[in-house]
Each structure stands twice: as C-alpha cells, then as structure tokens.
Amino acid sequence: MKNRGYYGDHGGAFLPEILVATFEDLEAHFEKIKGDPVFWKEYETLMSTYSCRATPLTYAANLTKKFGGAKIYIKREDLNHTGAHKANNVMGQGLLVKRMGKRRVIAETGAGQHGVACATMAAKFGFDCTIYMGEVDVIRQRPNVFWMEQLGATVVPVKDGTRILKDAINEAFRDWVTNMDDTHYCLGTACGPHPFPEMVSYFQSIIGREAREQILDIEGKLPKKVYACVGGGSNAMGLFSGFFDDPVELVGVEAGGKGLDSGLHASRLSYKDSSPGIAQGYKTYFLQDDDGQMKETHSISAGLDYVGVSPILSQMHDEKKARFESATDQEVIDALQLTMRKEGIIPALESSHALAYATKLAPTMSQEQILLVNLSGRGDKDMHTVAALAGLNFEEQK
Ligand SMILES: *Cc1c(COP(=O)(O)O)cnc(C)c1O
C-alpha cells in the first residue's frame, strides 16, 4: 500500500492500522471498475438521466466581444443536479458503494455543498447517511443543513477543535474506524489518502472528456488554454485530464483572498507560503507554519477555503505540467458581476476565480485562439455573500 498512490513526492496513504484493510478493499473495488466500459456506461446513463450530462459548452459571445481577444467558452457544470460538479463524484462513489455491498455513507462538509450532494446520492440509492460538519459551519450554513436533513441525512455538529471543516474530517474518520464493515466514507474532493485522489479525479474526468469532444465538434480545434478553480482540486483534475495528451496549457486558479501578501488567502501552489507536509492521511503542499501547524486560510468562496490540495496537482505543479495562479476576492466579485450582466449566467464564487483569471488573459490572445473555462457550479448558494457586499441584508429587510 505504501508505494501506491504516489505522485512524485506527494500522495500516499498514511492510515491508522485499523483502516488499512478497508482502504485495500476500496482500492480493489475501484481497480475493478476503473477503465471498465460497462461501469462507465452505467455511470454515464445515470448522469444523463439524473443529472444534466452531457453539460453544454457555451460560447460566451458577449464576454469575448468585450475583451476582444481569444474566444471564450464555458463548460456548464453549474447545470448539474444540486448545482455543481460535486454530483459527478458522489454519484460515481454511490455506484461503487452498491458494488461493495455497503449500506451506509458518511461525509464531511464545510460549506455544505458536498453534504447536500452526498445526502442526495444516499436518498437516490437508499443508503443511510451521516454528515459531519463543524459546529461553526452548521450555524453559518443553516439552509444546507436544513436540506440535508430533509433529504434524510443525519447532520452531526462537531464540537472539537476550532469546529470547522478539518475537525469534521477527523470526526468522519473516527466514525469510519468504528463502522467500516457497512460504511463508506464519501470524500468530497481529489485529496486524502490513496485511492481517493485518483478515484475522485476518475469520476470527474467526465468533464474533460465531454469538453474536449464538444470543442472539437464546434470549432474543429483544441483550446489554447483551459482554466479551472482549485479548492481540493477535483473540478480542475476533471477538466485537465481531458487534455493531458494535448498541446493545451492547463491553468488552475486558487483563492487569492485579500491579496497574497496579506496572509489572508488559500493559495498553496501559486504562492510561496506553502510547504510539503503530511496531514489528513496524505502528503501534499499545505499552508503551514514552521512547526507544521496548519495556518488559517481565507477566501470569499467557502469551496476554495482549504489548507491542502490534490497531490496530483502538486506533482503537476512541481513538474510544470500545469500553471497555478490566483484571483483576489475583489477580482472574483468583478468577474461574477460581469458574467451575470454579459452572459446571463450566475456563476458560483469558486468558479468566478477561473473566470477572473481567464478574462484577464483573453485580451492578450488572438481572436483565432480559444480559452475554455470550467464553470464548476452555480451561484445561487452565494446570494447572501454577494448581497452583503452590495450593502443588502436580507434578514433586516423582512
Ligand atoms: C466545492 C466546490 C469547488 C471546489 O472543489 P474542487 O474539488 O477544487 O473542485 C469549486 N466550485 C464549486 C462550485 C464547488 O461547489
């Protein structure tokens, strides 16, 4: 187990002894379905009948005109069931859980989006579902907690530590150790111990496969650059993997927060603040101090507000197979407003990072070139954040 799941110097599976057999079982089941065309067909059929696959590739004609350079195309992951690419991962894992013969799923969630996606999957497949969430996040994300419970999940507020995402992850692992015989831990992004980074990327690869085929269909050529925001890295891995063998520049955009020098950001690959370390069962670049204590991160978007990053992206960073940049909170708000006004699309704050950086680059490119941006999710969930920035407060208006 020790040597598998390494990406250069990153990755691995640093597990308590008691979980080793469970991970081996998961890996064995994943190996069986990986590359199996019958499984992939079942997965595609599920996603086309329950979510909205294939999601469209939209030509952003008005944004393109405004910037006057490269043609801008947007991959519409916002049109997935539950509003983001997270559906691709949870439904894929759901099919795998069925094959493993387990009947209960658990998950961690910070902002609640993965929790809602997971509770949805559990309802659809008839699994019991428990979602761990830091107590602070439970209070911040009331509407998502409400829907998780309505969907039949049990939401457990975690009172340990700083009562946020990382504490929820620890608690989910504790549950798994006790209940591994009938329970699967549905991890939400391309992080964590092997085989999660590879497995989550595999389910998300549906984004890149479709996008490559669609752009060739429409334009008869490949994009010059593709952009995706990077939290844990799953939507970026999904898009990038479609273009691994092509002369296409892969660009990941991280949360620049209040500016990289402010210390208030979540840029692990695009800025010098991070260093390799081992935490939460895997090795990657973490934002940590000299003693290995995890730093506080900041982003306007909860989905990018994370100290670690996919070990696969860390290797791509080291080997310069992808480029990593960041966008500040302010640039993100500007890109969000522009995309709404020009295209009638409300992107998630996370996805707006990719749009912010891509639109900065577009004017420097020629009109024959193509930029493809992954719009990882829709922005409805961000209504309160965006409204507060505009000086509106819904609570007070009642
Ligand atoms: C969760 C989320 C992300 C961040 O997750 P990745 O694993 O980095 O893709 C990005 N966009 C949206 C809309 C999300 O909900």
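Which residues line the second largest pocket? Keep that question in mind as you open this predicted model; the tour begins at the ligand and comes back to the pocket at the second stop.

**Stop 1: the ligand**

Select the ligand and show the residues around it. You should find 15 of them, with Lys86, Thr189, Ser234, Asn235 and Ser376 the closest. Colour this shell by class and you will see three nonpolar, ten polar and two charged residues.

Now zoom in on individual contacts. Start with Lys86, where a polar side-chain atom sits 2.5 Å from an oxygen atom of the ligand. Next, pick Gly232: here a polar backbone atom is 3.1 Å from a ligand oxygen atom. Then move to Ser376, whose side chain places a polar atom 2.7 Å from a nitrogen atom of the ligand. Switch on a surface to see how the ligand is covered: on its own it has 380 Å² of accessible area, and the protein covers 96% of that.

Before moving on, colour domain 1 (15-47 + 85-196) and domain 2 (53-83 + 205-389) separately. Both contribute residues to the shell, so the ligand lies between them.

**Stop 2: the second largest pocket**

Here is the reply to the opening question. Select Glu44, Met47, Ser48, Arg53, Ala54, Ile206, Arg209, Glu210, Glu213 and Gln214, and you have the lining of the second largest pocket. Two elements each give two or more residues to this lining, namely helix H2 (37-50) and helix H9 (196-219). H9 contributes the most, with five residues.

The volume of this pocket is about 160 Å³. For its chemical character, colour the lining by class: five residues are charged, three are nonpolar and two are polar.

**Stop 3: the cis bond beside Ala54**

Stay with two of the residues you have just selected, Arg53 and Ala54. The peptide bond that joins Arg53 to Ala54 is cis, with omega at about -5 degrees. Follow the backbone here and you will find Ala54 in the loop between H2 and strand E3 (57-59).

**Stop 4: the largest cavity**

How many cavities of 30 Å³ or more does the structure hold? There is one, and about 50 Å³ of space lies in it as the largest cavity. To display its walls, select Tyr50, Ser51, His81, Thr82, Ala87, Val90, Met91, Ala117, Thr120 and Met121. Show helix H4 (86-100) and helix H5 (113-125) as ribbons too, since each supplies at least two residues of this lining.

Colour by class once more: the lining of the largest cavity has six nonpolar and four polar residues, and no charged ones.

**Stop 5: two more backbone features**

Go to His194 and Pro195, which are joined by a cis peptide bond with omega at about 10 degrees. Pro195 is found in the loop between strand E8 (183-185) and H9, the helix that gives the most to the lining of the second largest pocket.

Finish at Arg163. Its phi is near 60 degrees, a positive value in a residue other than glycine. Look for Arg163 in the loop between strand E7 (154-158) and helix H8 (165-179).

How values were computed: Residues numbered from 1 in each chain as written. Predicted model: local features only at pLDDT ≥ 70, side-chain atom pairs only at ≥ 80, totals over all residues. Heavy atoms only, no water. Near = heavy atom within 4 Å. Polar contact = N/O pair within 3.5 Å; in protein donor to acceptor, adjacent residues only side chain to side chain. Areas by Shrake-Rupley, 256 points an atom, 1.4 Å probe, with all protein chains shown as cover. Nonpolar A, V, L, I, M, F, W, Y, C, P; charged D, E, K, R; others polar. Domains from an automatic or database assignment. 1 Å grid on protein atoms, 1.4 Å probe; cavity = no way out; pocket = protein on both sides within 12 Å on 5 of 7 lines; lining within 4 Å. Points joined across faces, edges and corners; volume = space filled by probe spheres on them. Helix = DSSP H or I, 4+ residues; strand = E, 2+ residues; numbered from the N terminus.
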